[in-house]
Amino acid sequence: MNENKGRIKILGVPVDMIDKEQAFSKFEKLFPEPGVTKIFTPNSEIVQNASKDESLKELVGSADIIIPDGIGLVYASRIVGHPLKERVTGIDFLESCIAYLEKNGKSIYFFGSKPGVAEKAAAKIKEKYPKLIVAGCHHGYFKPEDEPAIVQQINDSGADFLCVALGAPKQEKFINDHAAELSVRGAIGVGGSLDVWSGDLKRAPEFYQKHGLEWLYRFIQQPSRFGRMMKLPVFMLKVIAQGKSQEE
């Protein structure tokens, strides 16, 4: 079901040139079609890692919708001469999908994070979308040999849409590895979204969101992420170097 029109490459890694409205429009079009619509939400860290890992690059490129979830990708797109309109956060896009699912009587399965978090997040989401059908929940602590049973549990739930919050690239690999077996119509990798919805992790205030500084707020909450945060300037330097090489 992969549609790769309108994609740009940043460090050789594909990203869709779409804003939030266009991303949701693409979702509405693909969701009713047969098969699993795979939705990945890479940020600059994932793109940088994929630029050095051919299998991860192919994995990202296999998605039907590749959302630019990171202000670094917006800046990078300008440097490579194909500017993205905006950053499309995975959590906001997922909420649009949830509103669609509720409106159309479709169900969702929440998979990931620590035990109990998915259930807590589902309860919070139900407060805002009371008619949403939550088909089931499962934590993200499992061994590879547990995956067939988890897939079976998701299928048995009758879920139409799968939300996978295992962190990248584990969530993308799970979706891709089991796409042929899953009976859901769509699946998205959403990182820490369940932690935010459950209240275990605070989302950045609107000021930080509007100015592309959610990464800074996350760092303030979790100083242990310092090593990961330092990948952003390295990523930008690589993009600048790539841009200069293309000009020469």
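**Entry 1: the sheet**

I looked up the sheet and found that six strands form an open one, with parallel pairing and the order β4-β3-β8-β7-β5-β6. I noted that two strands count as paired if DSSP finds at least two bridges between them, and that strands (E, at least two residues) and helices (H or I, at least four residues) are DSSP runs numbered from the N terminus. I work here with a predicted model, in which local features need pLDDT of at least 70 and side-chain atom pairs count only at pLDDT 80 or more, while totals for chains, interfaces and linings use all residues. Residues are numbered from 1 along each chain as its sequence is written, and side-chain values use heavy atoms, with hydrogens and water left out.

Which strands stand at the edges? They are β4 (65-66) and β6 (133-138), and each has a single partner strand, so one side of each is left without a neighbour in the sheet. I then checked one pairing, that of β3 (residues 37-40) with β8 (residues 186-189), which runs in the parallel sense over three bridges; Lys-38 has Ala-187 in β8 as its bridge partner.

**Entry 2: the aromatic rings**

I reminded myself that a pair of aromatic rings is described by the distance of the centres and the angle of the planes. My search of the whole structure gave eleven aromatic pairs, where rings of Phe, Tyr and Trp (its six-membered ring) pair if their centres lie within 6.5 Å, and planes under 30 degrees apart count as stacked, over 60 as edge-to-face and the rest as tilted.

One of the pairs is Phe-27 with Phe-161, edge-to-face at 5.7 Å centre to centre and with 80° between the planes. Phe-27 belongs to helix α1 (residues 20-30) and Phe-161 to strand β7 (residues 161-165), 134 residues apart, and the pair thus links distant parts of the chain. I find Phe-27 buried, at a relative accessible area of 0%, and Phe-161 also counts as buried at 0%; buried means under 20% relative accessible area, exposed over 50% and partly exposed in between (1.4 Å probe, protein chains only).

I also looked at Phe-31 and Tyr-100, an edge-to-face pair with 5.7 Å centre to centre and 85° between the planes. Phe-31 lies in the loop between α1 and β3 and Tyr-100 in helix α5 (residues 90-103), so this pair ties together parts that are 69 residues apart in sequence. Both Phe-31 and Tyr-100 are buried. Ring pairs link Phe-24, Phe-27, Phe-31, Phe-93, Tyr-100 and Phe-161 into a cluster.

**Entry 3: two helices**

Which residues of α1 are buried? They are Ala-23, Lys-26, Phe-27 and Leu-30. Seen down the axis, these fall within an arc of 100°, so they line one face of the helix; the arc is that of the directions from the helix axis to the C-beta atoms. The face turned away from the buried side of α1 carries the exposed residues Glu-21 and Lys-29. The buried residues of α1 are covered by parts that include β2 (13-16), β3, β4, α5 and β7, with contact meaning heavy atoms within 4.5 Å.

In helix α7 (residues 147-157) I list Glu-147, Ile-150, Val-151, Ile-154 and Asn-155 as buried. They cover an arc of only 135° around the axis, which puts them on the same side of α7. These buried residues pack against β5, β6, β7 and α8 (170-178), whereas the face turned away from them carries the exposed residues Pro-148, Ala-149 and Asp-156. Just after α7, I noted that Gly-158 takes a positive phi of about 80°.
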